[in-house]
Structure formats: structure tokens, C-alpha cells
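Please open the coordinates in a viewer that permits selection by residue number. The tour below proceeds by selection, with a short account of what each one shows.

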Amino acid sequence: MNSSELDQKSVGSVKEEDDFAEKAMQLLTNAEKKAKEEKLQPPFPMPFTNPAALMYEIEIQRQSANKAENKAALRQTYIGQETHHSTLPLNSLSRISLQEMQVRQRHEGKYLLCRIITPAVRLVSTTFAVEDPNGWAQVISTYNYPGTQYANERELETLLPVHSIIAIREPWAKMALAGDHTHIRIDSPSDIVFLREGDELLTDIRWSSGRRPCTILSRLASEWKSVGDKHFREKEYFPASVAYKHALEKQPSLIAARLNRSLALIKLELYDPALGELRAVLDKTDLSTNDKQKALYRSAQAHYGEGQYDEALKMYRECLILDEALQEALSGIQRCSKRIEEQKNGNFDWTRLCEEILSPDNELDVADFLGPIKIALLANRGGGRGIVATRNIVAGELLLVAKPFAVARQRPDELNMIIAFNFLTKKVDSSRHLEVIHKCVLKLSTGSDDATRDFYDLYAGDDGQHSPVVPSRTKEPRNLFDRDIDANRIETACSLNWFGIGANPLGLAGVRQKDQGMSDLGCALYLLPSYLNHACASNAQRFFFDGIMVVRASRDIASGTEITHSYCSSEDAYQKRKQVLPKWFPECDCSLCTQDRAAGNDRLSKRESLTKRLDSDDLDINELFDIIEQLETSYTTTYGSFRPALSNAHLQVARAFESSYKYAQDNRFLQGAIQHYFIALETREVKIIDHSIDGKKSNKKPLPISKAIVPYNLNTCSFICLAIFRCFSLLNDTLRAERWLRAGLWIESVTSGGGVRMFKLRHATALAQLDEQASSLLAKVEASA
């Protein structure tokens, strides 16, 4: 970790952000080069470090970290370094001392017996000092250790108590990449094993510094329960679960600790181990009615969290046998019924989701839904996997709804910013990406067999091969975690599959957070959606309701056809799209990219240059027409109808005509605006079937656009329909106005599912400026929806 080369002040204006990004990428290149050079260096004997000196150094770090706690700071770390995790039981390994170890070497078949001699310090890694029985000391740097990313001193003391005796399986002594000191780096928390008094590995062990009281061993069960209770009250759920675990090791019959631990695990969304604790409670024959009711209710909560709504229903009903008036159980039954309907039939209350997005206190509560799709092997993907349609699908049809496996959002009180140089993707990631990795490590260390298998089966840069070794439950009874953790696989799978989610991803007015640019982006990892492959010209598109991903068909799709969505903005220039995609594949073969490559570099450069000209605020109408004429020559004669750069130019002309109408009150300006709005839609692949501006309608269909294609850009296309509605309303053509308003509502419904309510939220500012006639027409359409 090094915080000196990048400064928080570097992040500010657009230019400063560009400078920051350029400097960050240079640091990434330098770090990667240093890592490769370091790998070529020969091992050397571990140098002696005096325990007292190391304790003093760690204490200075701890004091410095505490002082910086409430100050803005920028730190850096790395994702995708070479890592190792041990899969061997501790009893099969032989002991090695620090004096026998080599730096730059992984000590396979060995374990290091040591004792923690300092409080842990949280910087980027969690750092503490250890000594071995011979009195040698060394720094331990743990990465991905659950519960430590934002931990305070109290939490760290529970997770890594001073004087605890630990064994590190197959330790790897390294040179710190961002420094010049040695340390033992641990990327997989399952490599740390806490030993108890009387352990056979401690037989005949004598510590040169003498005996020291160990917190884990010296506290009573009741004391550990009190520690857990205090953590729980502070919403420090992982250390709470660890404290309760220690209490239960001392006194397995302590029902209160087991019930409390189950609730802490539920809060952490670790439902499988929570159910394990609750089964242990319900197996008791002498359980009080109160404890039984708590165990049943929490079992219902855990099954509900796992999406096992039928099982949750059973548990809620058992609660009512004990107390028929238990309101929480009655409410739970209602929620289960709704989730079952969503899960089986895809019948979601999108209006409710819209309302809940607006409330800062509500967590969205929905079921996962799987539509007419399945995972399949694809010959055109080199035998890799993708998602295909199991029957014919209509444009706008709901394909899936997925809750995240792990999600991280911007913390409002976060001052310490961490940037992570990702060697795997050649990108600079954020604290949110690191948090997702931490959450995945925690879930996979304790989660269900099914969830673990599904995660490890995700693409992780293995050239389409999908038979990874899934860690089985550990046979190591001393281990705090249920499974060995493959940190390398987790980091790679996350880096290649996570999604960015914004604070306001649907572009709604009045959502939870203000738009603060890149700083408010979140990050999430999903399981099934990760199998959706990319196409810039895709046949499906995703939207987020907070962290809930919704995928709908944007085209009619034939049975057996692969479902794709775009990993980048389809409206971006070809060169920009090309820069985003190499971490997945060298070149996109979709129709849009094929057409752009056929257009040639000259046309592409010309189009990009003209697009930049459109950003100017002082273009007059003649300049806009000139840009349109030149833009048209940047497309080949066989180029498809999706031409967003040309659409934006016509959109600006339409707005200019509308502005002219406000001053001249000449209907010809409104008609001109409508014509250019039409072209703006058509160059976004919206097929207009009624081009009429005056006179009799040209067709009898209820909508003036085709339903065969859903446009890619919901915000822009629904806004254009609203603008056309506004123009026809000003022309007193209520019939056409209503049809175009309904066109905008249809686009909203088949894209986000939100209908009138979402449409009104999305375009709140524009709708507030409608005249009385247009507002009345909107109310009429809303009443009939």
C-alpha cells in the first residue's frame, strides 16, 4: 500500500479527472512491471526482525491510521496479483520457523506456528505482527479477511485477538509490491487457523518470550456473548457472529448465543449457516416456547432470504401455531405469497418498486425470476456458455429478474478512498469493487453448496473451460471458515463479471441520492446474468431497480437464439467501444461493429469529430444542418438504421425549431420540430408507422410506432415521444398527441416495466412544464392505463 503518489486533490474537475485517470494508468503500468521484475528475483533467507521493534512500528501505524480516520485520504492496492491458497489439512503439514523461511517462496507442505503480538491495523490490508516460538517476528498482511474492510479497532480485536496462537498453512513470504519490506501475505483467510489450548500441535511448544494470556481462551462463554451483543447493537454483525461462535465453543448449550448468532448471520445474508444454527436449536427437546418461536421465525427469515419461499411459508405457519396473532408471521405469509407469484409467473408490481426506490428507508423486496431462457453451450462462442431462448420471445418480454450475489454502494461517510490497480483487466477499480470481493469471500467461506458451485462455475478467464475445482467443506475442525477460499478464482471471476450500478440508474427524478458523477457508482456481482454474452447491437437490455437487475427482450427473438446485452453503451463511438471490450474478447462481431469496421477509419474519425462539434452550445441552425449533411456521408449506403450520432443532430434541430415557435408562434416551426423528432427516433431504430403531421391518420393501429423493436436508449426515446406529444398538443391535435404519449408509455413499459408511474418520475421536469391542455390529456391517459 502506498498513498503518496496519488493525492485526493487530483480528483475534481473533468480535466483533473482525466489527469488523474492518466496518472493512475501509468502507476498501474509501473506496478505491473515491478511485479514481473520481482517475480524473476531469486529467494533469499528471511531476515531477523526484533519483536519489540516490530511492535513499535505497528503501533506507530495504528496511531497514524487512527489520526487519519476522519481525514480524506487516498490509498492504493492491487487486484489480480499471483496468489495461493492451501487445500491441505493442517495435520498433514510439517512446521517451519521464520528463520527457516525464504522470502519470495511459497512453503508448500509447511505451516508457520506463530502468535499475534500486536493489535491489527486496517489500512488496505489488515496488518499485524506475529512472533514464532523462537522469538523471530514478522509482519502479516491479510487481504480479503471477512469483516475487516471497514472495521474499527473494537471489531479487529474480536476478529484477530492479540496473543492468539495461529497456524498459517503453506505461508508465502514476499516483498511488498508498494514498498521495500518483507511480509507474509495471506490472500485466503482460510489459510489462518486459530489454535486452542491443548491442541496437539502445541504439545512441547515453548515460547522464548514466555506465556501470554490469550483472549479467545481466557474469556468465559457469557463474556463472549456480551462481546457479541455489543457488536450486534453497533450493527457489527460479522464480529458479533465470531464472538457468539467463541461463546458456543465454550458452552454449546447456550441457546441465546446460538439464536443471536443466527440473527447476525441473517443480517449478513449468510442464510445457510444461519439455518444450521437454527436447526441445532430446534433439535433441542427442552426448548422453551419463546425460544422455539424465535427459532421458527428466524428460520422463516433465512429461508425467505435464500428465496425458498415455500419453506418460509411453512415456518411462518408454524409460528402461528404457537401464537396465532403474531403479526410478523402474518406479514411474512403475505410477503411469501407475493414472492411466489413473482418467482413462478413474473408478475411484479413495478409501481411498488418505483415507490420504494424513492424512499431512502426501504430495501427493495422481490423474488428472482427466470423467464423462457436457459444456459447452453454455444458453438459460435468456441464451446463457451451463454443464455438462449427456450421458445419464441416477443420484444419487451421479461427474461429475468436477479438479485445480486454481492453488492457494494457508495458509503456517505466514507473519507478514505481506495483505488485498486487491476492487473487482470488493466483497469483502475474502486473501494466498491474491493467490497464486492470481500463479500464474495465471506459468502463462499460459509455459503450453501449450490451457491458456491454456481459462483465457481462463472467465467474466470479460462478460455471457455468451465470445470473449476469447487472447494468442498473443509475437514479442518479448527478453522473459522467452512471452506477453503480460492482468492485468485474469486478475484478473477469478480473482475470479469461484475456490473457497475449507479445511484440513479434509471434516470429518475427524486431518487435516493443526488447524482455526483462517478463517485456515486456502486458495484454488484450477479450469478445467472453473468452468462449473458455481449453484443453492441444486442437483442436484450438490462435495467436496475437499485441493485435489482431486470433484463427484457429488445427484439423479437426466435427459440434457440442466443440472448445478448451490451457491456458498453451502444451509442458510443466504435473506437470507444473497442477500448472497453478487450478484457472479455479481442473483437466484437455484432452487426453494429461489423458495419463500423466496414465504414473504415476515415469515416469513423469524421463521425467522431462531427459528434464532438455537437457538444458546442452556440451552434446555429445552419451549422446543425451542415453537420447532419456531413454525418450522413460518414455512414455507408448499406449501414443499418441505428445511427445515434445522426439522431442527436436531428434532436438538436428539433429543439431549435421548438424554441423558435415560442418566439414566433408559427405552427410551421412545430411541424418542422416533429419531422426532425421523427428522424431522431428512426435513427435510433424506432420504426414509425404513422408519419402524418396533419390531416387524417395514415393507419388505424393504436400506436404510431412498431412494437417489433424496443429502442436501446429508454431515456432519450421516451423523451422524444413526449416532445412529439407536446408539439401535437400545441397544434391542438389531441388525437395524435395522445397516440404519441401512448407510444412513450409503451417504450417505458416494455423497457423498465414501470408504465405511467415510472414515465412520470423519469420526465418529471418536462411534465411540470406542460400547458393545461397537455396536462389534462396526460391525466386522461393515466386514468385509462
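**Cavities.** In this predicted model, the count of cavities of 30 Å³ or more comes to 5. Begin with the largest cavity, which holds about 160 Å³ of space. Select Val124, Tyr143, Asn144, Leu434 and His438: of the 13 residues in the lining, these are the closest to the centre of the cavity. Then display strand 2 (73-79) and helix 13 (431-446), the elements that give two or more residues to this lining. Coloured by class, the lining of the largest cavity shows 7 nonpolar, 4 polar and 2 charged residues.

Move next to the second largest cavity, with a volume of about 100 Å³. For its lining, select His84, Ile168, Arg169, Glu170, Pro171, Trp172, Lys174, Ile184, Arg185, Ile186, Asp187 and Asp191. Which strands each supply at least two residues here? They are strand 10 (165-169), strand 11 (172-175) and strand 12 (182-186). Strand 12 gives the most, with 3 residues. The class colouring of this second lining gives 5 nonpolar, 1 polar and 6 charged residues.

**Strand 10 and its partners.** Keep strand 10 selected and turn to its burial. Of its 5 residues, 5 are buried, and the strand is thus described as mostly covered. In a regular strand the side chains alternate between the two faces of the sheet. Here Ile165, Ala167 and Arg169 point one way from strand 10, Ile166 and Ile168 point the other way, and all are buried.

Add strand 6 (residues 110-116), which pairs with strand 10 in the antiparallel sense over 5 bridges. Within that pairing, Leu112 stands opposite Ile168. Now add strand 13 (residues 192-194), joined to strand 10 by 3 bridges and also antiparallel to strand 10. Ala167 of strand 10 stands opposite Val193 of strand 13.

**Ser97.** From Leu112, step across to Ser97, since the two are in contact. Leaving aside neighbours within four places in sequence, Ser97 is in contact with Leu112, Asp132 and Asn134. Ser97 is placed in the loop between strand 3 (94-96) and strand 4 (102-103). Is this residue, at 9% relative accessibility, buried or exposed? Ser97 counts as buried because its 9% relative accessibility falls under the 20% limit.

**Nonpolar cores.** In soluble globular proteins, nonpolar side chains tend to be buried together. For the largest nonpolar core of this model, which has 74 residues, select Tyr677, Leu681, Ile724, Phe725 and Trp740, the residues with the most contacts inside it. Helix 21 (residues 714-730) contributes the largest share of this core, 10 residues.

Centre the view on Ile724. Apart from neighbours within four places in sequence, Ile724 is in contact with Ile674, Tyr677, Phe678, Leu681 and Trp740. A second, separate core has 51 residues, among them Val130, Val242, Ala247 and Phe481.

**An open sheet.** Strands of a sheet pair through backbone hydrogen bonds, either parallel or antiparallel. Select the open sheet of 4 strands, whose order is 14-17-25-24 and whose pairing is antiparallel. Which strands lie at the edges? Strand 14 (369-370) and strand 24 (540-545) are the edge strands, and each pairs on one side only. Focus on strand 24 with strand 25 (residues 548-553): the two pair in the antiparallel sense over 6 bridges. To inspect one position of the pairing, pick Gln541, which stands opposite Arg552 in strand 25.

**Two lysines with positive phi.** Finish with two loop residues. Lys235 lies in the loop between helix 5 (221-233) and helix 6 (237-250). Although Lys235 is not a glycine, it has a positive phi of about 60°. With a relative accessibility of 63%, above the 50% limit, Lys235 therefore counts as exposed.

The last selection is Lys426, in the loop between strand 19 (416-422) and strand 20 (427-429). The phi of Lys426 is near 60°, a positive value in a residue other than glycine. How does the accessibility class of Lys426 follow from its value, and what is it? At 42% relative accessibility, Lys426 counts as partly exposed, because this class covers the range between 20% and 50%.

Definitions and conventions. Residues are numbered from 1 along each chain as its sequence is written. This is a predicted model: local features need pLDDT of at least 70, side-chain atom pairs count only at pLDDT 80 or more; totals for chains, interfaces and linings use all residues. Side-chain values use heavy atoms; hydrogens and water are left out. On a 1 Å grid over the protein atoms alone, a cavity is a set of points where a 1.4 Å probe fits but cannot get out, and a pocket is an open set with protein on both sides within 12 Å along at least five of seven lines; lining residues have an atom within 4 Å of a point. Grid points are joined across faces, edges and corners, and a volume is the space filled by probe spheres set on the points. Ala, Val, Leu, Ile, Met, Phe, Trp, Tyr, Cys and Pro count as nonpolar, Asp, Glu, Lys and Arg as charged, and the others, Gly among them, as polar. A nonpolar core is a set of buried Ala, Val, Leu, Ile, Met, Phe, Trp, Tyr and Cys residues joined through side-chain atoms within 4.5 Å. Buried means under 20% relative accessible area, exposed over 50%, partly exposed in between (1.4 Å probe, protein chains only). Contact means heavy atoms within 4.5 Å. Two strands pair if DSSP finds at least two bridges between them.
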